[in-house]
Amino acid sequence: MTQLLSASGTATATDDTPVALITKRSQHLTSAGGASAGGRATALARILPSGGITDFGVWATGQPDTAMSRDVGRATGTDATAARGWLAATAPVTYSPGGTPLWNAAAYAGIGIKWGSVPAAQKQAYHQVQLERTDIGSRLSWEATSWEGRPAYTAHSDLNWCTVWGSSDAAFSGHRSGKIIYAGAPGGTSHYWITPTLTGMGPCTAGERLSGSVSLRMARAAWWMASLQFYDASYVQIGSAYYFNAWQQHPGSNRWDTGYVYNITAPAGAVWVAVVPRISINSTPSATDGIAPVGEVAYCDMHRVWPRQYNILGTPTTYVSPRKMTIDVKANRVNLINNPSFGVDVKCWGQTGIGTGGPYPISRDAGKGRQKLGAMKFTVPANIGSYPASGTNIGTALIKAWDPSQIGGFGWKPSTTYTASAYVKLGPKCPVVTLDIGYTPNAGVVTTADALASHAELIEGDWIRLWATFTTNEIDDGLVSLILKMKTADVTAGGVGVTFWTDDVLCEEGDQLQSYFDGDTAGSDYLWAGTAGFSSSHYYRDYRSSAYRLRDIVRGVVPHGTQFTIRYAQPPK
């Protein structure tokens, strides 16, 4: 519900006290008011222009009519008591029977308060008057809805059954849609699908009922569905469940088809919700013939999630100030890496190129560290008996996972330049370690920087800083991986075990290499966006004094009575 107005005051026994506001278009509204003393107070709604047959009816001042409004929930109070009356109604749209408009769509709405049977000269008090608009819009942002701006969806990387990225090839609405390419799935598989990033999720509450829709374009007359997926406060999908009503057959021929999922109850623990298409690879949902051709292309667009039903006749919400403002303050610098200094463990990092000789140990070394103890240790043991094929690479990588709770970093935007860096310490006999940047669907390395060869001045004792500048492109899926690796041929040539350590990883927007920081950097200017050590880091120059000044400035310019919240270090989405 959206609060539209509030008011308080006193009135004489003959006063009508409407409060007007603009509604612009047809809305579902709930009005409420409280009254005290011996008379009966009734909340009435008025709409302009008068004369229309509407849920609101017509309030003609001075003309008693118990049916003038949808009069539900009259409130009766006695001396020194307060009671709350409320009513619900729908603002009318233009009514044009036979093509001739009898009245226009509503432009204004108001609340009136009437008292009856009040002794002469008796004053009545009213307070906490509010008019609410039911939340009927989509829970998803415009980026999650129409593939504009930051990537909101990615492929399910644990399965690798398809790839997806934003494309201008075809769009149901706007300029872009999600281009899905089927990469093949093992026998017995029923369907393939995409999964949301944090940007692709919208808020929800456990127990509420939600509906959703998504549009799909493809050449094959495939069976497919729109499905809801729910996530907890840590962005972990709740179980492996997805929710849908029924399969539907796509018309094919590269036409757009919209799928719906209705009346789904959000499970316990649900905080976030998303809607995605799921496409059958078989001739029918119950078949197992796997007829979908590898390379099949589908496009998805217009993802929407909304409440199952509107609170048209429900009771009003708890009274709150109608003016509420949230201000997110942009940081001077943001380190996008979620576990940059390994203060607790190596969560968000994994192995890469382990081949047939691995897995090789990756762990937190509490005895090593550049500025404070704690570093990620990667080891290829000696005489392990089987190494990966010569010429491949081996090392560690920031997890580019489909599960947002495990992802190593988030917030990268298309067509944007970033600079990444990491400090590396080499053990005895360890060959050259390089820093690469990789992301899909452009598989492989897009930029390489070798600090040993070209940036020797960045050596700090036995810690070497590797860095690279890279630019994402339009079709990036929004998930970037930092890869620290050695050439396998260099590892196997000596036949001995090798180890290297990594610490203080930084990735931020811009083309200049700057000093490392995270939320634990000394001083009050550095903040974690969430859990310390496992979220992005934000730097605000002169944070404390600037925060005080900003709060005073905002308090001085917002309207009287406005509630406002100033938020710092919000997670990138």
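These legends go with an overview and three close-up views of a predicted model.

**Figure 1. The whole protein, made up mostly of strand entries in its tally: 4 helices and 35 strands.** Of its 573 residues, 48% count as buried. Look at the contacts with a separation of 6 or more, and 76% of them come from residues 24 or more positions apart. As for the outside, the protein exposes about 25,100 Å², and carbon and sulfur atoms supply 52% of that.

**Figure 2. Close-up of Trp 161, sitting in the loop between β9 (153–155) and β10 (162–167).** Is this side chain's residue, Trp 161, buried or exposed? With a relative accessible area of 16%, Trp 161 is buried, since the cut-off for that label is under 20%. Its neighbours here come from further along the chain: leaving aside residues up to four places away in sequence, Trp 161 touches Ile 181, Tyr 182, Ala 183, Gly 184, Ala 185 and Pro 186, and also Thr 189, His 191, Tyr 192 and Trp 193. Take Gly 184 as one of them: Trp 161 and Gly 184 are 23 residues apart in sequence, yet their C-alpha atoms lie 5.4 Å apart in space.

**Figure 3. Close-up of an open sheet of 3 strands, in the order β21-β34-β33.** The pairing is antiparallel. At the edges stand β21 (333–335) and β33 (526–528); each has a single partner strand, so one side of each is left without a neighbour in the sheet. From one strand to the next, the twist averages 20°. Zoom in on β33 and β34 (residues 537–539) and you'll find them paired in the antiparallel sense over 3 bridges. Which residue of β34 is the bridge partner of Leu 527? That's His 538.

**Figure 4. Close-up of helix α4 (residues 543–557) and what covers it.** At 1.5 Å a residue, the 15 residues of α4 should span 21 Å, and the end C-alpha atoms are indeed 21 Å apart, so the two agree. The buried residues of α4 are Tyr 543, Ala 547 and Val 554. Those three cover an arc of only 35° around the axis, which puts them on the same side of α4. An α-helix has 3.6 residues a turn, so residues three or four places apart point the same way. Over on the other side of α4, Tyr 548, Ile 553 and Gly 556 are exposed. What covers the buried residues of α4 includes β20 (324–328), β33 and β35 (563–567). You've met β33 already, as an edge strand of the sheet in Figure 3.

Note on methods. Residues numbered from 1 in each chain as written. Predicted model: local features only at pLDDT ≥ 70, side-chain atom pairs only at ≥ 80, totals over all residues. Heavy atoms only, no water. Pairing = 2+ DSSP bridges. Helix = DSSP H or I, 4+ residues; strand = E, 2+ residues; numbered from the N terminus. Axes fitted to C-alpha atoms, helices over the stretch in contact; angles between N-to-C directions. Buried < 20%, exposed > 50% of the residue type's maximum accessible area, 1.4 Å probe, protein only. Contact = heavy atoms within 4.5 Å. Areas by Shrake-Rupley, 256 points an atom, 1.4 Å probe, with all protein chains shown as cover. Expected span 1.5 Å × (residues − 1). Arc of directions from axis to C-beta.
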